[in-house]
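Work through the two exercises below with the structure open. Each task is followed by a solution in steps.

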Amino acid sequence: MIRIDCPFCGLRDHSEFTYEGDATVQYPALDAPMEDWYEAVFLRENPRGPHREFWRHVGGCGSFLEVVRDTVTHEITEVKLAHPGMAAATGKAAAKTTEKATGGSE
Amino acid sequence: MSSTMRRYNALNVFWNGLTGNKNWDRAWRDPEPKPKYEVIIVGAGGHGLATAYYLAKNHGITRVAVLEKGWLGGGNSGRNTTIVRSNYMMPGNCAFYEHSLKLWENLSHELNYNVMFSQRAHVSLCFSPGQRDAMARRYNTMRLSGIDGEWWALDKLRKNIPYLNYGEDARYPIIGAFVQPRAGTARHDAVNWGYARTADALGVDIIQQCEVTDFIHENGRVVGVNTNRGEIRAEKVGLAVAGSTSTLAPKAGLGRLPIETHKLQAFVSEPLKPLVDHVIVYGVGHGHFYISQSDKGGLVFGGDLDFYNSYAQKGNLPIYSDVAGCAMNIMPMVGRVKILRQWAGIMDMSMDGSPFICKTDVPGLYLNAGWCYGGFKAIPGSGWCFAHTIAHDDPHDINAPLSLDRYRKGRHIDEGGGGPVPKHH
Ligand SMILES: Cc1cc2nc3c(=O)[nH]c(=O)nc-3n(C[C@H](O)[C@H](O)[C@H](O)COP(=O)(O)OP(=O)(O)OC[C@H]3O[C@@H](n4cnc5c(N)ncnc54)[C@H](O)[C@@H]3O)c2cc1C
Ligand SMILES: [Zn+2]
């Protein structure tokens, strides 16, 4: 079971969270050319290794989190609040690196 | 078929049975890679092996190598729940999957290899009038396209499958089922081995323990590959590596693709006496479930993806409990049955749930990918179409809609109408 260290709630099983997809996708301006929208909506890096992604703590505080997780080992190396304003307001802006692997062992 | 391969027949099966099965020939050779081929297929899953077979058989192209980093059939093609069906309704999918199902119907004879294709019917349970109406639309579209499909009202369903939970107090009471009688299951290993053996007999080199690490480009063309066993050249290179497609695509010059890699798990129970005579499936609420029974007696079943990107070929507990809950919902009597084995494969999830069998913008490079949960049933049709596309440098009418640039043109083939997410099955 992957476990995610929520900045508000602490270390929780990933079944409390929903996966919200690739966090590296940059959505273009609404009037950007079609090609930019095509790339944002459809194309993915899909790395075999570290992946920056969103999770939402639906079974807890409801926060959107930005997580770096290895797609081969499932080890999590970074968890932070996804919204920069939220992160600043709570003083939890800095990327939080968990001391030990919180994922990996399934 | 070359004279070096002995055909299987009743007499030699009987004779070898009496003599301890010690006198069989190898099923396929173990050749060293040659410096150059006409076509290289990367990946010896069902799709790669079938492609090689149809290149040789239908197009007379026998200077073909299939390169496999592990052992043939060790990927998803040897890890799936083996459901074969063609209950699709979108233009593009309809003709393709029905073509594949027709090839399945004669496959054991064609390959001289028993792939144990069993047309035991695919029974899709319904729980609400809304779901029934949506499925009626699908099954009516199928019937208009010449694909078999029928509605089993509750009395007929009860008669044919008496052991389901028909209780009024069931969490999701069953109201009937849509059925494709010609659908069923096959033996996954036998399909891989049958294509491998027959392709090999036609002269195809299947080279295992040979990982493609990079591509050789000359004048803008792909002209070969680098592997852990050296450089191998070819006029044409086809990719059929399922969940590994995105790792090879940039090296081949394709850049990013509309694919994410996700894992799907399967489960097998301890062997039981014959119980489940059909393939039974359903999706309701957050539940998604499919089950059949193997000839050895194990209940073979599965459910959803984990829904987060993963290249780990291993499962996890939340899906275990989801799938067990789904089983209990319709078949409470399996509650005490033990699960013997569980495993996972890595799926090439496309953005509309439909695959790609196509040429690419890179001359000499062809793509077969995007199979999502459902590429086992596609193996014969996919190999047939991919071979045609490679041989003619042009897709067949059947696979022309399955192009890589369809999203750019707004021609998605989204069966469920779920939008551009890598979650469809
Ligand atoms: C649990 C599970 C259940 C499923 N259930 C069903 C079902 O009921 N019905 C259905 O129709 N489909 C089902 N599927 C989907 C189906 O199994 C796949 O879509 C299909 O097998 C894909 O075949 P393939 O040949 O494309 O890929 P694979 O069989 O995965 O073959 C790809 C091969 O490429 C090799 N490879 C990768 N990278 C390299 C490299 N760099 N160099 C050389 N070789 C490489 C791999 O080792 C692998 O052998 C299921 C899948 C899973 C995992
Ligand atoms: Zn939380």
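**Exercise 1: the metal site**

The site of the zinc ion (ligand 2) is tetrahedral, with angles of 103 to 124° among its four donor atoms (four donors count as tetrahedral if all angles lie between 85 and 135 degrees). This is a predicted model, in which local features need pLDDT of at least 70 and side-chain atom pairs count only at pLDDT 80 or more, while totals for chains, interfaces and linings use all residues. Residues are numbered from 1 along each chain as its sequence is written, chains are lettered from A and ligands numbered from 1 in the order in which they are written, and side-chain values use heavy atoms, with hydrogens and water left out.

Task: find which atoms coordinate the zinc ion (ligand 2).

Step 1. The donors are SG of A:Cys6, A:Cys9 and A:Cys61 together with ND1 of A:His57, at 2.0 to 2.4 Å (donors are N, O and S atoms within 2.8 Å of the metal, or 3.2 Å for Na, K and Ca).

Step 2. Along the chain their spacing reads C-x2-C-x47-H-x3-C.

**Exercise 2: the ligand shell**

Task: state how many residues surround ligand 1 and which polar contacts ligand 1 makes.

Step 1. The shell holds 36 residues, with B:Glu68 and B:Tyr373 among the closest (a heavy atom within 4 Å).

Step 2. Oxygen atoms of ligand 1 lie 2.6 Å from a side-chain N or O atom of B:Glu68 and 2.8 Å from a polar backbone atom of B:Asn76 (polar contacts are pairs of N or O atoms within 3.5 Å).

Terms used
Tetrahedral: all angles 85-135°; square planar, octahedral: opposite > 155°, others 65-115°. Polar contact = N/O pair within 3.5 Å; in protein donor to acceptor, adjacent residues only side chain to side chain.
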